[in-house]
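Student: I should like to learn how the packing of helices is read from a model. Could we work through an example together?

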Amino acid sequence: MVEGDAGGGFSRKRKCSLTDDVVKTSEIEGEYLNVASVRSSIARRLGVDIGALAPVDRHIEGVVEMVLDATANCWQRVTDERLFGWHAALFPTGYSGMTRINVAAWRDDESGPMQVISGPMGRQKVHFEAPPADRLPSEMACFIDWLNAESDVPPLLKAGLGYLWFVTLHPFDDGNGRIARAVGDLLLARADGSPQRFYSLSAQIQRDRRGYYELLERTQKGDMDVTGWLVWFLDSLRCALDQAHQTLDSVLSKPRFWQRWAATPLNERQAKVLNRLLDGFDGKLTSSKWAAIGKCSTDTALRDINDLLARGMLRKVAGGGRSTGYELNDGEV
């Protein structure tokens, strides 16, 4: 009856956070990946059995490779070639959409300065213009030296600064936001002292996507006072950690529950419905819903429920209209 242990919960949480990183870092840029395919690609690389695997294309494989390399190999030096490898992984065909781009090379600005723009043709707004391409070799050499060097800058602040510095240089024709977040994740993994990730900063940035772009533009267009950016970055990190703690508590509550009640005899229907509650039941559990899930009569469902109420595993939901609702007894989970 026990549904896994704490170690299994941590493994699932790590896989979920990696999936969030891959999916959300692309969504921030308006690109939507197939979640099942991303999950399959990560599971294959981590050696995790998730049953049937969804088909995975080269593009998804590339994003997964970059995210995993940034975190799992966080202590390895960052070099031009490593960044070029990430860029090539993001654009395996050499195209961004229908536009051919320079892959695994710094941008050359042959078609004009690198600008982040929005709006219809003729009324476009320039949000940001990156440094000229002829400055990139020296600028990137300086950035990479700083990235790899020991520093008096606190590690979390260095992660925020590294992210901002890279995305401001905008060294590639495309993919700069995703690679900047990979740089940030690499520095966060170094700050954590471990490549094991249980939170997703990209998922939090996606939740505050509008605020992210507004603050990024304000910082890059201003006098480069980075205080506001770092406050936002640290607050986003705190929110990501809070979300991870909530999810992890939910994951770990299930094995804790079954460990507590391991010696308690339950019938198959009771075990099935309790598992549904532990997985996060949507709405109010009533005797009629119990009967539907357990494939039994309402009278049988009520006997099951009353038995669990007597044991203290369930409790009635206060208020709530005509039908009585039930939930897990929080003090017992």
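**Reading helix packing and burial**

Tutor: In this predicted model, helix 5 and helix 6 are roughly antiparallel to each other.

Student: How is such a pair of packed helices described?

Tutor: Two packed helices are described by the angle between their axes and the distance between the axes. Here, helix 5 (residues 136-148) packs against helix 6 (residues 155-169) at an angle of about 170 degrees, and their axes lie 11 Å apart. Angles over 145 degrees count as roughly antiparallel, so this pair receives that description.

Student: Which residues of helix 5 meet which residues of helix 6?

Tutor: Helix 5 contributes Leu136, Glu139, Met140, Cys142, Phe143, Trp146 and Leu147, which meet Lys158, Leu161, Gly162, Trp165, Phe166 and Leu169 of helix 6. The residues of this contact divide into 10 nonpolar, one polar and two charged. As for the spacing along a helix, an α-helix has 3.6 residues a turn, so residues three or four places apart point the same way.

Student: Turning to helix 3, how many of its residues are buried?

Tutor: Of the 15 residues in helix 3, 12 are buried, so the helix is largely enclosed by the rest of the structure. Among them are His59, Glu61, Val64, Leu68 and Asp69. Helix 3 (residues 58-72) reaches 20 Å from its first C-alpha to its last, close to the 21 Å expected at 1.5 Å a residue.

Student: Why does aspartate 69 count as buried?

Tutor: Buried means under 20% relative accessible area, and aspartate 69 has 18% relative accessibility, so it counts as buried. Leaving aside neighbours within four places in sequence, aspartate 69 is in contact with Cys74, Arg82 and Trp86.

Terms used. Residues numbered from 1 in each chain as written. Predicted model: local features only at pLDDT ≥ 70, side-chain atom pairs only at ≥ 80, totals over all residues. Heavy atoms only, no water. Axes fitted to C-alpha atoms, helices over the stretch in contact; angles between N-to-C directions. Helix = DSSP H or I, 4+ residues; strand = E, 2+ residues; numbered from the N terminus. Parallel < 35°, antiparallel > 145°, perpendicular 65-115°, else oblique. Contact = heavy atoms within 4.5 Å. Nonpolar A, V, L, I, M, F, W, Y, C, P; charged D, E, K, R; others polar. Expected span 1.5 Å × (residues − 1). Buried < 20%, exposed > 50% of the residue type's maximum accessible area, 1.4 Å probe, protein only.
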